[in-house]
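The following exercises ask the reader to work from a sequence and a three-dimensional model towards a reasoned description. Each task is followed by a solution in steps.

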Amino acid sequence: MLGLGLRLFAILMLSTMGALIKLVETHGAHLIEIMLFRQFFAIPFILAWVAMGAGLASLRTQRFGLHLTRSAVGLTGMVFNFSAVLLLPLAEATTFGFTVPIFATILGALVLKEPTGWHRWGAVLAGFAGVLIVTQPGSGHIPLGGAIAGLIAALFVAIVAIQLRQMGRTESPATTVFWFSTLSVPPLAIGYMVVGAPHDATTFALLILVGLVGGGGPLA
């Protein structure tokens with residue numbers, strides 16, 4: 001029940017973050033700005049969480065290279081995920097997130113060699129059919145660019161899920177989220193120097209809130 005509760009809380013946080021992303025974009029914030037604030041302002045939240053629990057010493061890692069790979073994959077997926085949120089209505093962007101279990105099942109069988117019976121493959125096919133029904137390809141119901149971004153984002157989320165399963169043998173969730181946010185900041189800061197623009201206090205407050213909410217979701 002605790003796991004289910006945390007999962008529901010994570011979905012609430014990530015859905016709220018999606019709404020905030022769309023809102024702050026209407027205030028003139030660029031995608032790179034949103035991503036930088038998402039990663040940077042998640043760090044204090046994570047540090048406070050760790051300090052109240054296992055202590056900051058628990059953030060040490062012997063698998064820095066693995067964290068670097070996870071950050072590269074996660075950052076690429078974030079580009080497509082946030083792009084889908086900006087290009088699509090929030091409900092449709094969320095629908096593409098439902099394809100994550102499809103990709104995760106396939107990758108789990110291929111990479112982790114998890115047992116996958118006919119019932120799971122049947123669920124994969126049913127899920128794919130459901131996505132086709134919602135998206136109505138060729139009808140113009142959903143912009144093609146947004147649909148592609150949503151599917152690629154879901155694929156990367158599934159890849160990250162596989163990585164986290166492997167990293168979870170030695171790394172705590174807080175350690176993984178901390179290093180992902182920290183390692184993402186330098187490349188995003190470089191991009192911010194190119195596209196960053198002045199904003200009013202409300203816009204900056206929304207950007208900071210994206211980071212705080214986005215930091216809580218992955219931890220849950």
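A residue counts as buried when its relative accessible area is under 20%, as exposed when that area is over 50%, and as partly exposed in between. The structure shown is a predicted model.

**Exercise 1. Classify H199 and describe its surroundings.**

Task: Determine where H199 is placed, whether it is buried or exposed, and which residues it contacts.

Solution.
Step 1. H199 belongs to the loop that connects α9 and α10.
Step 2. The relative accessible area of H199 is 17%. The cut-off for a buried residue is under 20%, so H199 is buried.
Step 3. With neighbours within four places in sequence set aside, the contacts of H199 are H27, G28, A29, E33 and F204.
Step 4. One of these contacts is polar: the side chains of H199 and E33 meet at 2.9 Å. The side chain of H199 also lies 3.3 Å from the backbone oxygen of A197.
Step 5. For a C-alpha distance, take H199 and I32: 167 residues separate them in sequence, and 14 Å in space.

**Exercise 2. Describe two residues of helix α9.**

Task: For T175 and S181, state the accessibility and list the contacts beyond four places in sequence.

Solution.
Step 1. Helix α9 contains T175, and S181 is found in α9 as well.
Step 2. T175 has a relative accessible area of 2% and is therefore buried. S181, at 1% relative accessibility, is likewise buried.
Step 3. Leaving out residues up to four places away, T175 touches S58, L59 and H67. Under that condition, S181 touches R38, Q39, A42, I43 and I46.
Step 4. The side chain of T175 also forms a polar contact of 2.8 Å with the side chain of S172.

**Exercise 3. Assign accessibility classes to M52 and I11.**

Task: Decide whether M52 is buried or exposed, assign a class to I11, and give one C-alpha separation for each residue.

Solution.
Step 1. M52 lies in helix α3, which spans residues 42-52. I11 lies in helix α1.
Step 2. The relative accessible area of M52 is 70%, so M52 is exposed.
Step 3. For I11 the value is 39%, and I11 is therefore partly exposed.
Step 4. M52 and F64 are 12 residues apart along the chain, with 24 Å between their C-alpha atoms. I11 and L87 are 76 residues apart along the chain, with 20 Å between their C-alpha atoms.

**Exercise 4. Characterise the fold as a whole.**

Task: State how many helices and strands the protein chain has, and assess the compactness of the chain from its radius of gyration.

Solution.
Step 1. The protein chain has 10 helices and 0 strands; in sequence order the pattern is α-α-α-α-α-α-α-α-α-α.
Step 2. The radius of gyration is 18 Å, and the globule rule gives 17 Å for 220 residues; these values are close, so the chain is as compact as a globular protein of that length.
Step 3. Along the principal axes, the C-alpha atoms fill a box of roughly 45 × 40 × 30 Å.
Step 4. Of the 220 residues, 40% are buried.
Step 5. Among contacts between residues at least 6 apart in sequence, 88% join residues at least 24 apart.
Step 6. Helix α6 illustrates the packing: its buried residues are V100, I102, L107, G108 and A109. These buried residues pack against α5, α7 (118-135) and α8.

**Exercise 5. Analyse the largest pocket.**

Task: Give the volume of the largest pocket, identify the residues closest to its centre, and describe the composition of its lining.

Solution.
Step 1. The volume of the largest pocket is about 1,600 Å³.
Step 2. The lining consists of 50 residues, of which R7, L14, N81, V100 and V157 are the closest to the pocket centre.
Step 3. The elements that give two or more residues to this lining are α1 (2-26), α4 (64-87), α5 (90-97), α6 (100-110), α8 (144-167), α9 (173-195) and α10 (201-219).
Step 4. Helix α8 supplies the largest share, with 10 residues.
Step 5. By residue type, the lining divides into 31 nonpolar, 14 polar and 5 charged residues.

Definitions and conventions. Residues are numbered from 1 along each chain as its sequence is written. This is a predicted model: local features need pLDDT of at least 70, side-chain atom pairs count only at pLDDT 80 or more; totals for chains, interfaces and linings use all residues. Side-chain values use heavy atoms; hydrogens and water are left out. On a 1 Å grid over the protein atoms alone, a cavity is a set of points where a 1.4 Å probe fits but cannot get out, and a pocket is an open set with protein on both sides within 12 Å along at least five of seven lines; lining residues have an atom within 4 Å of a point. Grid points are joined across faces, edges and corners, and a volume is the space filled by probe spheres set on the points. Helices (H or I, at least four residues) and strands (E, at least two) are DSSP runs, numbered from the N terminus. Ala, Val, Leu, Ile, Met, Phe, Trp, Tyr, Cys and Pro count as nonpolar, Asp, Glu, Lys and Arg as charged, and the others, Gly among them, as polar. Buried means under 20% relative accessible area, exposed over 50%, partly exposed in between (1.4 Å probe, protein chains only). A polar contact is a pair of N or O atoms within 3.5 Å; within protein, one must be able to donate a hydrogen and the other to accept it, and residues adjacent in sequence count only if both atoms are side-chain atoms. Contact means heavy atoms within 4.5 Å. The radius of gyration is taken over C-alpha atoms; the globule rule is 2.2 Å times the number of residues to the power 0.38.
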